[in-house]
Amino acid sequence: MQIPEVMRTVPLEYYLFFSTALFVIGVLGVLTRRNALVIFMSVELMLNAVNLLLASFSSYRQDSVGQVFVFFIMAVAAAEVTVGLAIIVMIYRNTKSIDVQLLNRLKG
Amino acid sequence: MADKLFYFLTFLALLSALMVVFSRNPIHSVLYLILTFFTLSGHYVLLNAQFIAAVNIIVYAGAIMVLFLFVVMFLNLRSETQEKTSILSKVASVTAAGLLMVVLVAALKDVNLGTVQATPDFDSQVGMVEQLGKVLFSKFLLPFELASVLFLAAMVGAVMLGRREPGEQNTF
């Protein structure tokens, strides 16, 4: 059958490096920012970097299990976002801020 | 043609991902994140993973980002509330992320992943709904059903967390 054009012209290593870069940008966001919402978005970026790598390996190796895994990761991410955003709204209600630095008062 | 599209989408995705991290206003971060998700969906289309591309648009760009945008507007965060981070911790975190990048690239640069052989039995239909559905509802039936339990737990948890405590002031 016909191979998709991108698989003939772009090596799989490029997807590896692209996903690595995207993941590192997510790590950078988690480390540098103090706004809880932006930290949460950076976590989503990291999840998407992994999703892209799974999907590209699955397409190049003609194995659909990788894309089923991507589907499950998306489902878990959706559940995680609902609970995480509820927690952030609770934090805002109690502290009037979503700066994660203020949460060091959780220390016993 | 496809390789030019790959480079363009990669460039756009990395740029908007950087803007997510570095923009001051959380609403701009959300909008750039939506742009990142659309470029990633473009990548999925290039990889012939059309089901994942559609689900990515619907679930991420549709549902999750609307939730984010809703919370950002709900909390009414002003962008002028500057984050006071010390220079030292900024330098330390950028160095840590850079070192992670160096380690990952150094570990992966010599990896040999092989090339795609143009064999007659090449299966380009793995990303289609038909094949994914067959795998999802046979091999992964139990995890698929457990995901519904997870959603139920998440829904109950979100409602529990968002509920007002008795006697709490109505602050909004």
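User: How much area is buried between domain 1 of chain B and domain 2 of chain B, and what share of that area do carbon and sulfur atoms give?

Analyst: A buried area is read together with the kind of atom that supplies it. In this predicted model, domain 1 and domain 2 of chain B bury about 370 Å² between them, and carbon and sulfur atoms account for 67% of that. On the domain 1 side, N48(B), Q50(B) and F51(B) lose the most area to domain 2, together 89% of what that side buries.

User: Where do the two domains of chain B run, and how many Å apart are their C-alpha centres?

Analyst: Domain 1 of chain B covers 1-78 and domain 2 covers 125-165. Their C-alpha centres lie 22 Å apart.

User: How many residues are in contact between domain 1 of chain B and domain 2 of chain B?

Analyst: Contact is counted on each side in turn. Here 4 residues of domain 1 of chain B are in contact with 4 residues of domain 2 of chain B. The count of salt bridges between the two domains is 0, and 1 residue pair is in polar contact, with both residues at pLDDT 80 or more. By class, the domain 1 side that touches domain 2 has 2 nonpolar, 2 polar and no charged residues.

User: Turning to the chains, what area is buried between chain B and chain A?

Analyst: The chain interface is read in the same order, area and then residues. About 7600 Å² is buried between chain B and chain A, with carbon and sulfur atoms giving 77%. L47(B), L113(B) and F122(B) supply 10% of the area that chain B buries against chain A, more than any other three residues. In terms of contacts, 89 residues of chain B touch 77 residues of chain A.

User: How many salt bridges and polar contacts cross the interface of chain B and chain A?

Analyst: The rule finds 0 salt bridges across the interface of chain B and chain A. For polar contacts, 7 residue pairs are found there, both residues of each pair being at pLDDT 80 or more.

User: Which helices of chain B supply the side that touches chain A, and which of them gives the most?

Analyst: The helices that each supply at least two residues to that side of chain B are α1 (2-22), α2 (26-46), α3 (50-75), α4 (87-108), α5 (129-136) and α6 (141-162). The most comes from α3(B), with 13 residues.

User: What is the make-up by class of the side of chain B that touches chain A?

Analyst: That side of chain B has 60 nonpolar, 18 polar and 11 charged residues.

Technical notes
Residues numbered from 1 in each chain as written. Chains lettered and ligands numbered in written order. Predicted model: local features only at pLDDT ≥ 70, side-chain atom pairs only at ≥ 80, totals over all residues. Heavy atoms only, no water. Contact = heavy atoms within 4.5 Å. Buried area = accessible area lost by both parts, 1.4 Å probe. Salt bridge = Lys/Arg side-chain N within 4 Å of Asp/Glu carboxyl O. Polar contact = N/O pair within 3.5 Å; in protein donor to acceptor, adjacent residues only side chain to side chain. Helix = DSSP H or I, 4+ residues; strand = E, 2+ residues; numbered from the N terminus. Nonpolar A, V, L, I, M, F, W, Y, C, P; charged D, E, K, R; others polar. Domains from an automatic or database assignment.
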